[in-house]
Structures are given as structure tokens and as C-alpha cells.
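Here is a short tour of one protein chain. Take a look at the sequence and the model, then read on.

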Amino acid sequence: MNLLQKVMMLFFVLVLTSCVPMQPRFPEIQTPPERISQKGYSLVPLNETGWMVVGRNPYQLSLAKRGDNPDETFGIQTTLFKLPLFKNDQDLIRFIKEGQVK
């Protein structure tokens with residue numbers, strides 16, 4: 001095999017491997033899961049394998065898990081935010097319903 005053939009073979013190998021989709025690696029939650037503490041709240045993830053931490057800062061947490069089908073993904077997202085003061089229960093219920101509509 002001459003030098004040109006070796007270079008061409010290397011070129012094709014590089015082209016083929018560059019087409020392979022790269023998926024990011026996220027840290028997986030161990031089972032059984034331990035409590036995750038955030039600012040102002042904490043939670044224990046579901047006791048299932050495959051959950052990954054896909055985003056996290058002091059006020060938000062995003063977990064995801066691949067489903068059985070290729071186009072199926074499950075997610076859990078938490079966000080801490082400050083609620084306004086409510087005069088009564090009805091104001092709180094109205095606030096929640098408006099948030100659900102948005």
C-alpha cells in the first residue's frame with residue numbers, strides 16, 4: 001500500500017467517524033437515590049435506574065430518563081421562585097390556575 005492510499009484510507013476513516021452522532025454524557029443518579037439538596041428545597045428522585053442530572057444550578061434542577069421507545073423521554077424539572085403574598089386561599093388558587101394556563 002503506497003503513501004497516497006494510506007492517506008486516503010485515513011481520510012475516509014476520519015470522515016466516517018465524524019458522522020457518528022455524539023450524545024452528551026450526563027451524571028447518572030445512583031439507585032437507591034440519595035436526597036438532592038437545593039436552595040430552599042430538597043427532593044429524593046424516583047427509585048429507578050436511568051435518571052440523569054441534565055441541568056442544575058442553586059435554584060433549578062432538571063432530571064431526565066430515556067423511555068423504552070427511541071422517541072420517549074421522561075423529565076422532572078424543579079424551580080424555586082418567590083410567591084407574592086396572597087390575601088386568601090382563593091387568590092392563591094387563582095394564581096396557580098393562571099400559571100397552569102400559561
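## Overall layout

Starting at the N terminus, the elements of the protein chain follow the order α-β-β-β-β-β-α. That makes two helices and five strands. The model is a predicted one.

Of the chain's 102 residues, 17% count as buried. The accessible surface of the protein chain is about 9000 Å². Carbon and sulfur atoms hold 59% of that surface. Now consider contacts in the protein chain with a separation of 6 or more: 19% of them come from residues 24 or more positions apart.

## The sheet

How are the strands of the open sheet ordered? The order is β3-β4-β5, three strands with antiparallel pairing. Strands β3 (52-57) and β5 (73-79) stand at the edges. Each has a single partner strand, so one side of each lacks a neighbour in the sheet. On average, neighbouring strands of this sheet are turned by 10° against each other, direction ignored. In general, strands of a sheet pair through backbone hydrogen bonds.

Five bridges link β3 to β4. A hairpin also connects these two strands, through two residues. Asn 57 has Gln 60 in β4 as its bridge partner. On the other side of the pairing list, β4 (residues 60-66) is joined to β5 by seven bridges. There, Ser 62 stands opposite Gln 77 in β5.

## The nonpolar core

Which residues make up the largest nonpolar core? There are eight: Ile 29, Ile 36, Tyr 41, Leu 43, Trp 51, Val 53, Leu 61 and Leu 63. The elements that supply two or more residues to this core are β2 (41-43) and β4.

Leu 63 is a useful member to follow. Leaving aside neighbours within four places in sequence, its contacts include the core residues Ile 29, Trp 51 and Val 53. Leu 63 also contacts Pro 45, Met 52 and Val 54. Phe 74, Gly 75 and Ile 76 complete its contacts outside those four places.

## Gln 38, a buried polar residue

Gln 38 sits in strand β1 (residues 36-38). Is Gln 38 buried or exposed? Its relative accessibility is 11%, so Gln 38 counts as buried; the cut-off for buried is under 20%.

The side chain of Gln 38 reaches the backbone oxygen of Gln 60 at 3.1 Å. Gln 60 is also the bridge partner of Asn 57. Both Asn 57 and Gln 60 are in contact with Gln 38. So are Arg 56, Pro 58, Tyr 59 and Leu 61, with neighbours of Gln 38 within four places in sequence left aside.

## Val 54 on an edge strand

Val 54 lies in strand β3, which stands at an edge of the sheet. Val 54 has 33% relative accessibility, so it counts as partly exposed. Not counting residues up to four places away in sequence, Val 54 touches Phe 26, Ser 62, Leu 63 and Ala 64.

How far is Val 54 from Lys 65? Their C-alpha atoms are separated by 9.5 Å. Along the chain, the two are 11 residues apart.

## A cis peptide bond

One more local detail concerns a proline. The peptide bond from Thr 31 to Pro 32 is cis. Its omega is near -5°. Where is Pro 32 found? Pro 32 is in the loop between α1 (3-18) and β1.

Notes
Residues numbered from 1 in each chain as written. Predicted model: local features only at pLDDT ≥ 70, side-chain atom pairs only at ≥ 80, totals over all residues. Heavy atoms only, no water. Pairing = 2+ DSSP bridges. Helix = DSSP H or I, 4+ residues; strand = E, 2+ residues; numbered from the N terminus. Axes fitted to C-alpha atoms, helices over the stretch in contact; angles between N-to-C directions. Buried < 20%, exposed > 50% of the residue type's maximum accessible area, 1.4 Å probe, protein only. Contact = heavy atoms within 4.5 Å. Areas by Shrake-Rupley, 256 points an atom, 1.4 Å probe, with all protein chains shown as cover. Polar contact = N/O pair within 3.5 Å; in protein donor to acceptor, adjacent residues only side chain to side chain. Core = buried A, V, L, I, M, F, W, Y, C linked by side-chain atoms within 4.5 Å.
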